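Here is a walk through one corner of a fold, helix by strand by ring. Have the sequence and the model open while you read.

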Amino acid sequence: MKKLLLALLGSVMATAPASAEKVVVTADRMVDVLTGKVVDYPAVFIGDDGRITSIADARTVRWSSEVRHIDLAGTTLLPGFIDMHVHLDSPADIGGYRGLEFTDSFFGMTAVGNAKAMLDAGFTTVRNVGSQNRNDIGLKQAIDEGYAVGPRIVPAGFALGATGGHCDSTFLPPSLEKANKEEGVADGVEELRYQVRRQRKYGAEVIKVCATGGVFSRNTEPGQQQLSETELRAIADEAHQWGLRVAAHAHGADGIKAAVRAGIDTIEHASLADAEGLRLCAQRARPCWFSMDIYNTDYTQAEGRKNGVLEDNLRKDREIGELQRQNFRRAHQAGVRMVFGSDAGVMPHGLVGRQFGTMVRYGMTPLQAIQAATRNGAEALGREKDVGAIAVGRFGDLVAVSGNPLADVAPLASPVAVVKGGVLVRGPKP
């Protein structure tokens, strides 16, 4: 009797899944980023709601003709990638004052193509940390409603910053400035609290703040702290009260430490982090993450001048590039939690997968680099139930690459196929 029951159970497990499932994706291998293990011959079933309903062995499972089969034979499946630092309405080949050649709405139009480029590159979820005119919120709505094709967007709306700081407009003379402050620009605790509430009111799902100067702004230096720890803490407290997380642009050591002590969730760039800053982030009770864009200097130094980037900005880029990469290595060695952030917009959006190779070159294993762009990103977003792993209940967001990415990450820069919510958006048609 026991043998009969086992046989019947095996038969049930190998038959077609429930009728709610509409798609099955098969491949030669699958990387389980939660365990670090490779699963052979996966069959990933995805339901009508775009979420994974079951994962089985493709050699034994059967499915009905009503279930559409996406056959990705010869590839390795990974979860859709997560880029935690992008600017979708920022064309990489328009730098410096060249942006004044175009009307205001031009940049929102370019965001549509940039979003599609990121999706084709395997990035099915992106966090857009600052845009003009809330272009990221409008694009998210257009994608969600089916008017555009792109990744899942976590938008910030306008970035917050101090008057004259990196998140303010710093390229124009007073006669061309608006009579009032730019949206998002604030001075003092109460103004900054108001800006957090205002961005959330109009659709922001993350708050972006500029704690230090920057590379591609004018009249600021990356190491300058531009908001006090008290101001940063007010932003973090206000955002957390509303259920939002906060990303802080912070290159300089003092600004990084102030942001970490203030409770900011992710530190963007973290170029000049010192040993104390690494320790504070690694040991903080509330999870603290570094998002370090360590590939894009290759592009900006090669193409920046042609694109119109000013020489002073290229100087800062040169001075900080290798320091940031070495501090990426130190942060990883110190146990700092790391996510994948490319700063796409500074470089072309379709090239962001090249950063995997740089992350490995500066100290990560291939698995750790992949986890930074999947499991870790989901944790830092607080969206472990939605994205970041091939697991039951999460969205059917998949990337298929050739070869074994745990041995060589190069294929991650050019996926064979991309699936978002059970829909094949790039790759061989079934």
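Helix α6 (253-262) is mostly covered, with eight of its 10 residues buried. Buried here means under 20% relative accessible area, exposed means over 50%, and partly exposed is in between, using a 1.4 Å probe and protein chains only. Helices (H or I, at least four residues) and strands (E, at least two) are DSSP runs, numbered from the N terminus. This is a predicted model, where local features need pLDDT of at least 70 and side-chain atom pairs count only at pLDDT 80 or more, while totals for chains, interfaces and linings use all residues. Residues are numbered from 1 along each chain as its sequence is written, and side-chain values use heavy atoms, leaving out hydrogens and water.

The buried set in α6 is Ala-253, Gly-255, Ile-256, Lys-257, Ala-258, Ala-259, Val-260 and Ala-262. Yes, there's a lysine on that list: Lys-257 is one of the buried residues. What covers them includes α5, β10, β11 (266-269), α7 and β12, with contact meaning heavy atoms within 4.5 Å. Right after α6 comes Gly-263, with a positive phi near 95 degrees.

Now for α7, which spans residues 275-283. Its buried residues are Gly-277, Leu-278, Leu-280 and Cys-281. Look down the α7 axis and these fall within an arc of 165 degrees, so they line one face of the helix; the arc is that of the directions from the helix axis to the C-beta atoms. An α-helix has 3.6 residues a turn, so residues three or four places apart point the same way. Ala-275 and Gln-283, on the other side of α7, are exposed. And what does the buried set of α7 pack against? The partners are α6, β12 (289-291), α9 (311-333) and β13 (337-339).

Several of those strands belong to one sheet. Five strands make up an open sheet, ordered β9-β10-β11-β12-β13, with parallel pairing; two strands count as paired if DSSP finds at least two bridges between them. β9 (206-210) and β13 stand at the edges with a single partner strand each, so one side of each has no neighbour in the sheet. From one strand to the next the twist averages 30 degrees. Axes are lines fitted to C-alpha atoms, for helices over the stretch in contact, and angles run from 0 to 180 degrees between N-to-C directions.

At one end of the sheet, β9 and β10 pair in the parallel sense over five bridges, and Lys-208 stands opposite Ala-247 in β10. Five of the six residues of β10 are buried, so this strand is largely enclosed by the rest of the structure. Helix α5 (residues 229-241) lies across β9 and β10 (245-250), running at about 155 degrees to β10. At the other end, three bridges join β12 to β13, and Phe-290 has Met-338 in β13 as its bridge partner.

Two loops near these elements of the chain deserve a look for their backbone angles. Most residues other than glycine have a negative phi, and most peptide bonds are trans. Asn-219 goes the other way, with phi near 65 degrees, in the loop between β9 and α5. Ala-270 also has a positive phi, about 50 degrees, and sits in the loop between β11 and α7. Are they buried or exposed? Asn-219 is exposed, at 65% relative accessible area, whereas Ala-270 is buried, at 0%.Then there are the rings. The structure holds 10 aromatic pairs, where rings of Phe, Tyr and Trp (its six-membered ring) pair if their centres lie within 6.5 Å; planes under 30 degrees apart count as stacked, over 60 as edge-to-face and the rest as tilted. Among them are these two tilted pairs:

| Pair | Centre to centre | Angle between planes |
|---|---|---|
| Phe-81 and Phe-123 | 5.3 Å | 55 degrees |
| Phe-340 and Phe-356 | 4.9 Å | 40 degrees |

Phe-81 in strand β6 (residues 81-86) and Phe-123 in strand β7 (residues 123-128) are 42 residues apart, so to speak distant parts of the chain linked by the pair. Both Phe-81 and Phe-123 are buried. The other pair joins Phe-340, in the loop between β13 and α10 (355-361), to Phe-356 in helix α10, 16 residues apart. Phe-340 is buried at 0% relative accessibility, and Phe-356 is buried at 0% too. Phe-81, Phe-123, Phe-340 and Phe-356 form one aromatic cluster.

One last ring to find is Phe-395, with Arg-51 over its face at 4.0 Å from the ring centre. The charged end of Arg-152 also sits over the Phe-395 ring, 3.7 Å from its centre. A charge sits over a ring if NZ of Lys or CZ of Arg is within 6 Å of the ring centre and within 35 degrees of the ring normal.
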